[in-house]
Amino acid sequence: MYAVTLDGHGGPEVMKWGRVDDLPAPAVGEVAVDVVAAGVNRADIMQRQGFYPPPPGASDILGLEVSGVIAEVGEGVTDWQPGDEVCALLSGGGYAERVNVPATQLLPVPAGVSLTAAAALPETAATVWSNIVMTGGLRAGQTLLIHGGGSGIGTHAIQVGRALGARVAVTAGSQGKLDRCRELGADTLINYRDDDFVKVVTEEYGGADVILDIMGAKYLARNVEALAVGGDLTIIGLQSGSTAELDLGLMLFKRASVHVTNLRRRLQTGPGSKAEIIAELREKLWPLIAEGAVAPVVATEIPIADVAAAHPLLDSDETVGKVLLTVR
């Protein structure tokens, strides 16, 4: 089997596509998927740099989401068969020709989506839905603020917010990204290099009911200021640091909530688990994708042998949406 391995930690050049040991047969409750494409996520970059080790028992190969074809099913799996086209949420192992996946973390390729483009969905959709809907409780008529609107997470969250009837405000650092956010349905565009998102959101909407934040420490105080009364701030990334002071008095006054969540280290099954999130995606989000209200936004596809060229694209002002690695 071929996969991407790391020659130490560091820049993109440490990633190499080459021969590795074949996977064992899928265990009880698992399926083996022949990978067609893998999504590139910020977590992959952090792991490559040595800042985000995989959870215990997970593959040390990068890659948290794939699409492909089921090659083999393990004992106890009855809902899936070899030959089924699927996409899958992983704890690791996606940058490879084949990966073993718990059957509870599989989704069918949505109607109207290509098998390759489906690789842009599992990690992204699970992150967005679990945070702004299952945790934040976003509903029609509310205001959603998304930081990093041009990212894979951001472009998906815009569409989910609009599909649910929310008003959507986004921050991004280039006009090109903001223009694309508008095309996807964002109502309010904020260039974080020039504009104060707190001022814009509070003046236009009286604050945001739900904020999805990838920045962390640097944005914490201003995010709390930007919340509406009863608002929910969910932090899913720490790009600006992990330590900051929280004004509990302001939180108390606003009756607000702050959540810091992680998808990769959630339990496989049980309350709040990956299985629970995947089941809700299939029931509530997949119909929205099938009807065209939400669609994967793919910036580019790169052959996996050229993986070193893919990671820098996540920080490019030209990249809007997901970067995919094509395997087959």
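Helix H2 buries a run of residues from Pro-122 through to Val-133: Pro-122, Glu-123, Thr-124, Ala-125, Ala-126, Thr-127, Val-128, Trp-129, Ser-130, Asn-131, Ile-132 and Val-133. The model is predicted. Three places are covered below: helix H2, Arg-264, and the strands E8 and E9.

**Helix H2**
- H2 spans residues 122-135.
- Most of the helix is covered, with 12 of its 14 residues buried.
- The helix bends by about 30 degrees at Trp-129. Trp-129 is itself one of the buried residues.
- Gly-137 comes just after H2 and has a positive phi of about 70 degrees.

**Arg-264**
- Arg-264 sits in a loop. Strand E13 (257-260) lies on one side of that loop in sequence, and helix H8 (274-290) on the other.
- The residue is buried but forms no salt bridge.
- Asp-44 is the nearest side chain of opposite charge, 6.2 Å away. A salt bridge would need the charged atoms within 4 Å.
- A polar atom of the Arg-264 side chain does lie 2.8 Å from the backbone oxygen of Ser-91.
- Beyond its neighbours within four places in sequence, Arg-264 contacts Gln-47, Tyr-52, Pro-53, Pro-54, Pro-55, Ser-59, Leu-64, Ser-91, Gly-92 and Lys-274.

**Strands E8 and E9**
- E9 covers residues 167-172. The strand is largely enclosed by the rest of the structure, because 5 of its 6 residues are buried.
- E8 (residues 143-147) pairs with E9 in the parallel sense. The pairing runs over 5 bridges.
- Within this region, His-147 stands opposite Thr-171 of E9.

Methods:
Residues numbered from 1 in each chain as written. Predicted model: local features only at pLDDT ≥ 70, side-chain atom pairs only at ≥ 80, totals over all residues. Heavy atoms only, no water. Bend = angle between axes of the 7 residues up to and from the residue. Helix = DSSP H or I, 4+ residues; strand = E, 2+ residues; numbered from the N terminus. Buried < 20%, exposed > 50% of the residue type's maximum accessible area, 1.4 Å probe, protein only. Lys, Arg positive; Asp, Glu negative; His and termini not counted. Polar contact = N/O pair within 3.5 Å; in protein donor to acceptor, adjacent residues only side chain to side chain. Contact = heavy atoms within 4.5 Å. Pairing = 2+ DSSP bridges.
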